[in-house]
Amino acid sequence: MSTQALLIVHADVPNEADRASFDQWYDRHLPEALRVFGALRAWRTWSRTDPSKHTAFYEFSSLEAANVAIQSSGNEFDAKWGGRATRTRDIVEVAQRLPN
């Protein structure tokens, strides 16, 4: 099964004091989101050029599966981080992959 689409969740955590608790929360959230979304795998990153930028990636075998996942409400994120972090979500379709 190969990757056809990614759900990408960008979060901006501007207050440096919030980043450790954001990490702790996401350590618990990522496995649950992976299961609920039915993704093949998931990973997350912190930017090295802008330390406030966090990105999570969810890998799917089809664009349709990624579209279903993006329909989730995100209430848990909003309830925990609503005033302290902002997020955007995007779906990208794999156009080319090397090596195959």
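**Close-ups around Thr 55, strand S3 and the nonpolar core**

**View 1. Thr 55 and the residues it touches.** Setting aside residues up to four places away in sequence, Thr 55 touches Ile 8, Val 9, His 10, Trp 43, Arg 44 and Thr 45. Keep in mind that this is a predicted model. Thr 55 sits in strand S3. Its relative accessibility is 10%, so Thr 55 counts as buried, the cut-off being under 20%.

**View 2. His 10 meets Thr 55.** Here we look at one pair across two strands. His 10 has Thr 55 as its bridge partner in S3. The side chains of these two residues are also joined by a polar contact of 3.3 Å. Zooming out a little, strand S1 (residues 5-12) and S3 run antiparallel, with eight bridges joining them.

**View 3. Strand S2 on S3, with the hairpin.** Strand S2 (residues 41-46) is joined to S3 by six bridges, and this pair runs antiparallel as well. To find your place, look for Trp 43, whose bridge partner in S3 is Phe 57. Follow the chain from S2 and you go through a hairpin of six residues to reach S3.

**View 4. Strand S3 and its surroundings.** How many of the eight residues of S3 are buried? Seven of them are, so this strand (residues 53-60) is largely enclosed by the rest of the structure. Thr 55, from the first view, is a buried residue of this strand.

**View 5. The largest nonpolar core.** This core has 22 residues, and the members touching the most others are Leu 7, Phe 22, Tyr 26, Phe 37, Tyr 58, Phe 60 and Phe 77. Two or more residues come from each of S1, helix H1 (19-37), S3, helix H2 (63-70) and helix H3 (75-81). H1 gives the most, with six residues.

**View 6. Phe 77 and its contacts.** Now for one of those core residues on its own. Leaving out residues up to four places away in sequence, Phe 77 touches Ala 11, Phe 22, Trp 25, Gly 82, Ala 85, Thr 86 and Arg 87. One of these, Phe 22, is also listed among the core members that touch the most others.

**View 7. Thr 86 on strand S4.** Is Thr 86 buried or exposed? With 52% relative accessibility, Thr 86 counts as exposed, because the cut-off is over 50%. Thr 86 belongs to strand S4 (residues 86-93). Beyond its neighbours within four places in sequence, Thr 86 is in contact with His 10, Ala 11, Asp 12 and Phe 77. Pro 14 is 72 residues from Thr 86 along the chain, yet their C-alpha atoms are separated by 9.0 Å.

Notes:
Residues are numbered from 1 along each chain as its sequence is written. This is a predicted model: local features need pLDDT of at least 70, side-chain atom pairs count only at pLDDT 80 or more; totals for chains, interfaces and linings use all residues. Side-chain values use heavy atoms; hydrogens and water are left out. Buried means under 20% relative accessible area, exposed over 50%, partly exposed in between (1.4 Å probe, protein chains only). Helices (H or I, at least four residues) and strands (E, at least two) are DSSP runs, numbered from the N terminus. Two strands pair if DSSP finds at least two bridges between them. A nonpolar core is a set of buried Ala, Val, Leu, Ile, Met, Phe, Trp, Tyr and Cys residues joined through side-chain atoms within 4.5 Å. Contact means heavy atoms within 4.5 Å. A polar contact is a pair of N or O atoms within 3.5 Å; within protein, one must be able to donate a hydrogen and the other to accept it, and residues adjacent in sequence count only if both atoms are side-chain atoms.
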